[in-house]
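Hi,

Here is the structure I promised to pass on. Have a look at it first, and my notes on what turned up follow below.

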Amino acid sequence: VGSTSLTDLTGNVVAPALRAFGHTSIDTITLSHANLDHYSGASDVTASYGVSNVLVGPGFEALARQSGTGEQLLRELRQAERPPRVVHVGDSVPLGSQTTIDVLSPPTGDAPFVDNDGSLVLRLTHAGTRILFTGDIQDVAMRQLLKHPEQLRADVLVAPHHGSLESTTQQFIEAV
């Protein structure tokens, strides 16, 4: 739910997509990391579609507080009584009887990933089909995830960092 180039993200993108699929509400959104192009429409979508869960990674709020737009998002979500819910590696979030989200990254610890490598990496499984969402991860996070390639297996990969090429990209794609 973010863009730095599109205006009225909700009206021009989210609403038409929901109408096309016959949906009128959204239960859960995930914000991969605190870059404006990944969260700019989150507050509006949350208010417009009754979002009850906003999932973020461990470093999201600290990074969001470093910008005015991030501070505004956090304030608006709290005012709407939808504060971000922090999820961690190993968490499994049920979304329905056949659908779950498994959190694969970022790890927590003494040296947490920051910026793009701090993006949430999520594997959504629905009725046996797996989709891997990678946010804007780059080499550092990909190398960490490649330590457990069996967790990366998916039917669909949403390419890391807008499809940019990193030194580990080929190996990452092969693991998926």
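Before the pairings, one definition: I call two strands paired if DSSP finds at least two bridges between them. Keep in mind, too, that this is a predicted model.

With that in hand, start at strand 1 (28–31) and strand 2 (53–56). These two run parallel and are joined by four bridges. Thr28 is a good place to look, as it stands opposite Asn53 in strand 2. Strand 2 also pairs with strand 3, again in the parallel sense, over two bridges. There, Leu55 has Arg85 of strand 3 as its bridge partner.

Just before strand 3 (85–86) comes Pro84, in the loop that follows helix 5 (68–79). Is Pro84 buried or exposed? Its relative accessibility is 10%, so it counts as buried, the cut-off being under 20%. Beyond its neighbours up to four places away in sequence, Pro84 touches Val54, Val56, Glu61, Leu74 and Leu77. Take Val56: 28 residues separate it from Pro84 in sequence, yet the C-alpha atoms are 6.2 Å apart in space.

Ala64, in helix 4, is another one to click on. At a relative accessible area of 1%, Ala64 is buried. Leaving out neighbours within four places in sequence, Ala64 is in contact with Ala34, Gly70, Glu71 and Leu74. Ala64 and His33 are 31 residues apart along the chain, with 8.5 Å between their C-alpha atoms.

Now for the nonpolar cores. As a general point, nonpolar side chains in soluble globular proteins tend to be buried together. In this model the largest nonpolar core has 19 residues, and the ones with the most contacts inside it are Ile26, Ile29, Leu31, Tyr49, Val54, Phe60 and Leu73. Which elements feed it with at least two residues each? They are helix 1 (9–21), strand 1, helix 3 (42–49), strand 2, helix 4 (60–64) and helix 5. Leu73 shows how this looks up close: apart from neighbours within four places in sequence, Leu73 is in contact with Leu31, Tyr39, Ala42, Ser43 and Phe60. There is also a second, separate core of 14 residues, and Ala141, Met142, Ala154 and Ala175 are among them.

Two of those helices are worth viewing as a pair. The axes of helix 1 and helix 3 come within 11 Å and cross at roughly 45°, which makes helix 1 oblique to helix 3. From helix 1, Thr10, Val14, Ala15 and Leu18 make the contact, and from helix 3 it is Asp44, Val45, Ser48 and Tyr49. The crossing is right-handed.

Further along, you will find an open sheet of five strands in the order 4-5-6-7-8, with mixed pairing. Why is one side of strand 4 (92–96) and of strand 8 (156–158) left without a neighbour in the sheet? Both stand at the edges and have a single partner strand each, so there is nothing in the sheet on the other side. On average, neighbouring strands here are turned by 20° against each other, ignoring direction. For strand 8, look at strand 7 (residues 129–133): the two pair in the parallel sense over three bridges. One spot to zoom in on is Ile131, which stands opposite Val156 in strand 8.

Happy viewing, and shout if anything is unclear.

Conventions:
Residues are numbered from 1 along each chain as its sequence is written. This is a predicted model: local features need pLDDT of at least 70, side-chain atom pairs count only at pLDDT 80 or more; totals for chains, interfaces and linings use all residues. Side-chain values use heavy atoms; hydrogens and water are left out. Buried means under 20% relative accessible area, exposed over 50%, partly exposed in between (1.4 Å probe, protein chains only). Contact means heavy atoms within 4.5 Å. A nonpolar core is a set of buried Ala, Val, Leu, Ile, Met, Phe, Trp, Tyr and Cys residues joined through side-chain atoms within 4.5 Å. Axes are lines fitted to C-alpha atoms, for helices over the stretch in contact, and angles run from 0 to 180 degrees between N-to-C directions. Angles under 35 degrees count as roughly parallel, over 145 as roughly antiparallel, 65 to 115 as roughly perpendicular and the rest as oblique. A crossing is left-handed if the near helix is turned anticlockwise from the far one by less than a right angle, and right-handed if clockwise.
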